[in-house]
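Biologist: I would like a close look at how helices pack in this protein. Please take one helix pair in detail, then place it in the rest of the chain.

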Amino acid sequence: MANAGDEDPKRGRVIAPAAAKPGLAGIGAALAPPMSASRLSRLFNWTRSGVGPRLLAAVLLFSSVVTLMLTGLQLYLDYDREVGLIETRLDEIGRSTTGSLGESLWNLDQNQLKLQLDGILRLPDIRAAEVREIADRPNPIRMAVGEPGTRSIVTRDYPLNTKVQGTARPIGVLHVEATLTDVYQHLLNRALVILASQAAKTFLVSFFIIYMFHLLVTRHLVAIAEFVSKYNLARPPPPLRLERRPPYDADELDKVIEAFNAMCANLERAYGELREANANLERDLTIRRRAEADARASEERFRDYAETASDWFWETGPDHCFTYLSDRVIAFGMDPKVRIGTRRIDTALDRVTESEKWRAHLATLDRHEPFRKFEYRGRDTTGRMHHFSVNGKPVFDADGRFTGYRGSATDLTAQHETEERLRQAQKMDAIGQLTGGVAHDFNNVLTVITGTIEIIREGLADKPELSAIAQLIDDAAARGAEITSQLLTFARRQPLEPREIDVNALVIETAKLLKPILGEHIEIETRLADDAWSAMADPSQLSAAIVNLAVNARDAMPGGGRLTLETANRELDDTSGVGDAVRGAFVMVAVGDTGHGIPADIRERVFEPFFTTKGVGRGTGLGLSMVYGFAKQTGGSVAIESEEGRGTVMRLLLPRSKGEAPARTAPVQPLVTARGHETILVVEDDPLVQGYVIAQLGSLGYRTLVAGDGASALALVDQGAKFDLLFTDIIMPGGMNGRELADAVRLRRPGVRVLYTSGYTDNTIVHEGHLDPGVALLGKPYRKAELSEKIREVLAGEPLG
C-alpha cells in the first residue's frame, strides 16, 4: 500500500465512498461522530465522546493514586518524627521533674507543686499536667493545670517516690498530656501544598499527552470511522488513504489500513454468511421474546406482591380458599398447612358480631374488585387473638378469566395493644385530675376534723363514753385520709421522696409489722438475696405497698397458709415478659401466697381502681391500685403470676440505685410534740383550715401572722412584717400558688425558711412523681405532733426550697 507522501498533495484525506446501502449503512456508524470542516470542531467533539477523555481520566487517576500514596508516606514519616519529638519531651519531663515533684509532694508544698506544674505546662505541645497524692487520709492532694482533652493526645503517668529509711516509697502520680493538634495542623497544611502542586503538574502533563495522542492517533481513527460509515457493498469505494505528512516510516496505523482494505475485499463473500446469520438471529429473537414474556409475567406477580407487601403473602383460588401462604406466617403463630383450603371468614372471630362488614367484603370478592386494609380478628394456633389487616388484588389469566386473589396481610395486634394502653393512660389522666381536685378539698376538711378530734379527745379524757365516740370519728377520718392517699398513689399524684434504701432491711422491718396484721394462722417466710442491690424508692410508700400485697394475700388464705417475702436482682429488657415493657436493672420484691389464686378472666383487672371481689363494705378496691401506681411512679412495674387453687405471686420491680451506700431503714420513733416561740406567717385560703392552724400553732407557743392568699402575704412582707417561717398552702386562689409566693418572698427576704402544705400538690413542687430537691412538705391531713415536728425540722435546718 502506498504512503501518503506518494500521493498528490491536492488529494483529499479520504477517497469519498459511494452512497451506502440502507441495509449496511449502519456498519461502524457508532464509531464516527459527525465531521465538520473545522479541526477545532473535531477536537471538541473528540473530547466529548472519544477515547481521549477516558485516557485523560486514566492518567489523572493513576497520577492521583501515586501522588496520594507518596503524600501519605511523607505525612506518615513527618507524623512519626513529630510524635517522636513529643514522646522524647514527655520522657525528659519524667526524668527531670519527678524527683523535685516528689520532694514537694512529700513536703506538702502545694505552691511549689503549682509552680512546677506551670513550668511543665509552658513546654511546647503540653496541654495539661496533674499530680495526685496516694495517701490513706481524707482529701489527699490533687493538683491539675491546663485543660485535659479526650482526643488527639499523648499521655504519660510517672510515679512520684520518696525515700524513707533508704526505701523508695510511692507517694503520688504525675499525669502529663501532650496535644497532637499542632502536629495534625502542620501535616494538613503540608498535605494541601503537596496535593495542590502535584495536581497542577499532573493536569499539564496529562493535557500534553492527550494532545499528542489526538495528533498521532485519534484523528486518523475518525477518518477510518467516517470511511466505514459510508461503505457500500454494492459500490465499493477506492482503498482508504490517511492524511499524513511525508516522509514518515510505516507504523501500526498503516498496518491497520492495509488489513482493513483486505477485509473489505472479503466482505462481499461474507455477505451471504451474514444473511444466514440473520435468519438464525431471527429464530433466537423469537425464543428471546418468549422468555421475556415469561419474565414479564413473573415480574408482574412479584410487583403485585410488592404493591401489597406486608407481614406475609397469600393467594386464593376462584372459590376464595387459600392456595398459598408464605412461610413468614409461621412467625405470627399460624400453620400454613392448616389454613390451606380454608376461607378467611372460616377463622374470623367477628363474622357474627360484625356480619355487615363481612357481607360487604364477600360482595367485593364476588365482584372481583381489589381491596385494601380490610381488618378482622382471628386466633393463632395457640388460641391467642390477633388483629389482621388484609390487602388483595384480583388475578386474571391472558383470556380475562378470573383465577383468584393475590395479596398480603399485616398483624396489627401490637398496634391495637398500644392503642389500648393509650386509652388506659388517658383514663388514668382523667382519674388523676378528678382525684386531685377531690383530694385538695377533702384533705382540707380532714385536716380540720383530725385536729379538732385531737382537741376533743384531750378534753374528754375523763368521759370514756364520749371519748370512745371521738375515737370512732378519729378512726373514720384516718380511714378517709388513707383512701385519699391510695387514690393519689394510684393516679401517680402522690409526692414521693425516693432515696437509696436497703430493700432487705426494709422487708425485714415490714415483716415484723405484718405478724399482728395477718394473724397467727398465716406463716411468714422470707427469702432474701444476699447480694440484693440497693433500690431508689420512697421507703414509706414501699412499706405500704408490701403491707397492701400482704393483706390481699391474707384474704386469699381464709383458712391459713404461708406468706413468702422474697428479694432478688433482675436485669430486664422489653422482651422479658415481666409486667409492662420495662428495661434495665431492677430490685424485685415478691409477695407470694398459697391461697385460692386469681381467676384468669379477672387477672387483667386487679389493678383497676375500685375493682374488688370482696363483699360490700369489706374493701375499697384501691389496695392493688395503689401498689400499681406507686410502682409506675417510681419507674418500675408490677407482674402477676397466679394459678387457681395454687396461689399467687406479686412481683414488685423497683429501679436499682446507682449509688453504693443504701440507707438503712430504722424503726419509726413516736412523734413528740415540740414547742417553740418563733413567728410564723401562715398563708391558707380555707377559713376552717386557717383557724385550725392558728389555734394549733398558738397552743405550741408560736406567734402567727395570717394571710388568705399570695397577694395578701406579699403585702405583709412589703410592710416589714417580721417572721421566721413561711407556712403556705400550695393550691390557692388569686393566680399565685405557694411555690410562686415562696419565690417572691425570697426575692425580698433571701434565705427565708419555707414549709409547704397541701392535700394535692399538682406539678408545683412535684415533678415526675418526685418531690423537688430541697423542698419541705407537710401533707394534709396532719396531726398536731406532725405539725410540730415538721416546723422544728425546718427551723433547725438549712433554708429549704
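Modeller: What follows starts with one helix pair and then moves to other parts of the chain. The model is a predicted one.

The pair is helix 10, residues 503-518, and helix 11, residues 539-555. Two packed helices are described by the angle between their axes and the distance between the axes. Here the angle is about 40°, and the axes are 10 Å apart. That angle makes helix 10 oblique to helix 11, because angles under 35 degrees count as roughly parallel and those from 65 to 115 as roughly perpendicular. The crossing of helix 10 past helix 11 is right-handed. On the side of helix 10, the contact is made by Leu506, Val507, Thr510, Leu514, Ile517 and Leu518. Helix 11 contributes Pro539, Leu542, Ser543, Ile546, Val547, Ala550, Val551 and Arg554. Sorted by class, the contact of helix 10 with helix 11 has eleven nonpolar residues, two polar ones and one charged one.

A second pair can be set beside this one. Helix 13, residues 687-699, packs with helix 16, residues 784-796, at an angle of about 70°. The axes of helix 13 and helix 16 are 11 Å apart. Helix 13 and helix 16 are therefore roughly perpendicular to each other, and helix 13 passes helix 16 in a right-handed crossing. Tyr692, Gln696, Leu697 and Ser699 of helix 13 meet Lys784, Leu787 and Ile791 of helix 16. By class, the contact of helix 13 with helix 16 divides into four nonpolar, two polar and one charged residues.

A further helix to look at is helix 2, which spans residues 51-106 and holds Leu55. With a relative accessible area of 27%, Leu55 is partly exposed. Leaving aside residues up to four places away in sequence, Leu55 touches Ile210 and Phe213. The C-alpha atoms of Leu55 and Ile209 are separated by 9.1 Å, although these two residues are 154 apart along the chain.

For the chain as a whole, the secondary structure comes to 16 helices and 23 strands. Of its 801 residues, 39% are buried. Among contacts between residues at least 6 apart in sequence, 68% join residues at least 24 apart.

One buried position carries an annotation. UniProt, in an unreviewed entry, places the feature "modified residue: 4-aspartylphosphate" at Asp729. Asp729 lies in strand 19, residues 725-729. Its relative accessibility is 0%, so Asp729 counts as buried.

Two loop residues deserve a look at their backbone. Most residues other than glycine have a negative phi. Asn139 is not a glycine, yet has a positive phi of about 50°. Asn139 sits in the loop between strand 1 (126-133) and strand 2 (142-146), and is exposed, with a relative accessible area of 70%. His368 is not a glycine either and has a positive phi of about 60°. The loop that holds His368 runs between helix 7 (355-366) and strand 7 (371-379). At 29% relative accessibility, His368 counts as partly exposed.

Conventions. Residues are numbered from 1 along each chain as its sequence is written. This is a predicted model: local features need pLDDT of at least 70, side-chain atom pairs count only at pLDDT 80 or more; totals for chains, interfaces and linings use all residues. Side-chain values use heavy atoms; hydrogens and water are left out. Axes are lines fitted to C-alpha atoms, for helices over the stretch in contact, and angles run from 0 to 180 degrees between N-to-C directions. Helices (H or I, at least four residues) and strands (E, at least two) are DSSP runs, numbered from the N terminus. Angles under 35 degrees count as roughly parallel, over 145 as roughly antiparallel, 65 to 115 as roughly perpendicular and the rest as oblique. A crossing is left-handed if the near helix is turned anticlockwise from the far one by less than a right angle, and right-handed if clockwise. Contact means heavy atoms within 4.5 Å. Ala, Val, Leu, Ile, Met, Phe, Trp, Tyr, Cys and Pro count as nonpolar, Asp, Glu, Lys and Arg as charged, and the others, Gly among them, as polar. UniProt positions are given in the numbering used here, feature names are shortened, and annotations may be inferred rather than shown by experiment. Buried means under 20% relative accessible area, exposed over 50%, partly exposed in between (1.4 Å probe, protein chains only).
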